[in-house]
Amino acid sequence: MGHPLAYPALVTIGTLAITFAWVPFADPEQVAMLRTVAAVILGYTGFRFAVAFGYLPAGLPRGAEQRGVAVRRVRQQHRLESRSWLEFAAEGKSWWLPVYFDPALVTITPTSAEISRRTVSVDGLRMYPAGRVRDSEPVGRLIDNPERADPEAIGRTGVGRRVLLDAQSAVVGPFAGLLWVYVAGGGSVAFVAATIVAAATATWLSAVRGSDPS
């Protein structure tokens, strides 16, 4: 859907809208909690986007600042989490950089990249870091791109599929609702509100961390 950061931005806006929609029905304590949740969402999203756009460093090693760095894309699958990573070598070891999903990633075979301290471009296409680089292999199963790109794969990365996949983490919603009622009381309305806000926040967290629908 256009820019790689458009989807997490859209999910962030939707989550904030859901959060503030409950304010008219909340008591002062609940309003304070909703405002805290909204502040956390805005702050963390701002931090993630600052790293993605290069305003804050992603920890890329100095030895990677060059053109023609050999790079490959791998997809991480760990429990409900799925993310795209760029794997490359620098300073005598391997590095893994999480990036926000772009449909072009589906068709990338081992190629070369241009890397600076805060930006990465693969075949002339800018990639946006979805977190800090790491020098240890991400947990879970790492899946290599096939040598021949699947022409149908890009068609399976629409917004609807992405939201559906990210919403898997919303299973925590009822548990958060029960916890809120147990701690602060409020009855059935508070339970429903806390459940919906927690489910939306869990979905947002998956999206803003750079989920991969492929």
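Me: Which elements each supply at least two residues of the lining of the second largest pocket?
Reply: This is a predicted model. Its second largest pocket has a volume of about 370 Å³. The lining takes at least two residues from each of four elements, two strands and two helices: β1 (66-78), β2 (81-90), α3 (159-166) and α5.

Me: Which element gives the most to that lining of the second largest pocket?
Reply: The second largest pocket is lined by 21 residues. Nearest its centre lie L80, E81, S82, D166 and S206. The top contributor gives four residues, and that element is α3.

Me: How many residues in the lining of the second largest pocket are charged?
Reply: The lining divides into three classes. Five residues are nonpolar and seven are polar. The charged residues number nine.

Me: What is the volume of the largest pocket, and which residues are closest to its centre?
Reply: The space in the largest pocket is about 440 Å³. Its lining has 22 residues. The closest to the centre are M33, V37, W180, A194 and V197.

Me: Which element gives the largest share of the lining of the largest pocket?
Reply: Two or more lining residues come from each of α2 (28-52), α4 (173-184) and α5. The largest share is eight residues. That share comes from α5.

Me: How many residues in the lining of the largest pocket are nonpolar?
Reply: No charged residue lines the largest pocket. Three lining residues are polar. The nonpolar ones number 19.

Me: Why is α1 roughly antiparallel to α5?
Reply: Helix α1 covers residues 6-21 and helix α5 covers residues 187-208. Their axes come within 9 Å and cross at roughly 165°. Angles over 145 degrees count as roughly antiparallel, so α1 is roughly antiparallel to α5.

Me: What is the hand of the crossing of α1 and α5, and how many residues of the contact are nonpolar?
Reply: The α1–α5 crossing is left-handed. On the α1 side, Y7, P8, V11, T12, T15, I18 and T19 take part; they meet I196, V197, A200, T201, T203, W204, A207 and V208 of α5. Five residues of this contact are polar and no residue is charged, while the nonpolar count is 10.

Me: Is α2 roughly parallel or roughly antiparallel to α5?
Reply: The axes of α2 and α5 come within 11 Å. They cross at roughly 5°. Angles under 35 degrees count as roughly parallel, so the two helices are roughly parallel.

Me: How many charged residues are in the contact of α2 with α5?
Reply: From α2, the partners are Q30, L34, V37, V40, I41, Y44, T45, R48 and F49. From α5, they are A190, V197, T201, W204, L205 and V208. The contact holds 11 nonpolar and three polar residues, and the charged count is one.

Me: Which residues of α2 make the contact with α1?
Reply: The axes of α1 and α2 come within 10 Å and cross at roughly 170°. That makes α1 roughly antiparallel to α2. Helix α1 contributes P8, A9, T12, T15, L16, T19 and F20, and α2 contributes L34, V37, A38, I41, L42, T45 and F49.

Me: In what order do the elements of the chain run?
Reply: The chain has five helices and seven strands. Its C-alpha trace spans about 60 × 35 × 30 Å along the principal axes. From the N terminus on, the order is α-α-β-β-β-β-β-β-β-α-α-α.

Note on methods
Residues are numbered from 1 along each chain as its sequence is written. This is a predicted model: local features need pLDDT of at least 70, side-chain atom pairs count only at pLDDT 80 or more; totals for chains, interfaces and linings use all residues. Side-chain values use heavy atoms; hydrogens and water are left out. Axes are lines fitted to C-alpha atoms, for helices over the stretch in contact, and angles run from 0 to 180 degrees between N-to-C directions. Angles under 35 degrees count as roughly parallel, over 145 as roughly antiparallel, 65 to 115 as roughly perpendicular and the rest as oblique. A crossing is left-handed if the near helix is turned anticlockwise from the far one by less than a right angle, and right-handed if clockwise. Contact means heavy atoms within 4.5 Å. Ala, Val, Leu, Ile, Met, Phe, Trp, Tyr, Cys and Pro count as nonpolar, Asp, Glu, Lys and Arg as charged, and the others, Gly among them, as polar. On a 1 Å grid over the protein atoms alone, a cavity is a set of points where a 1.4 Å probe fits but cannot get out, and a pocket is an open set with protein on both sides within 12 Å along at least five of seven lines; lining residues have an atom within 4 Å of a point. Grid points are joined across faces, edges and corners, and a volume is the space filled by probe spheres set on the points.
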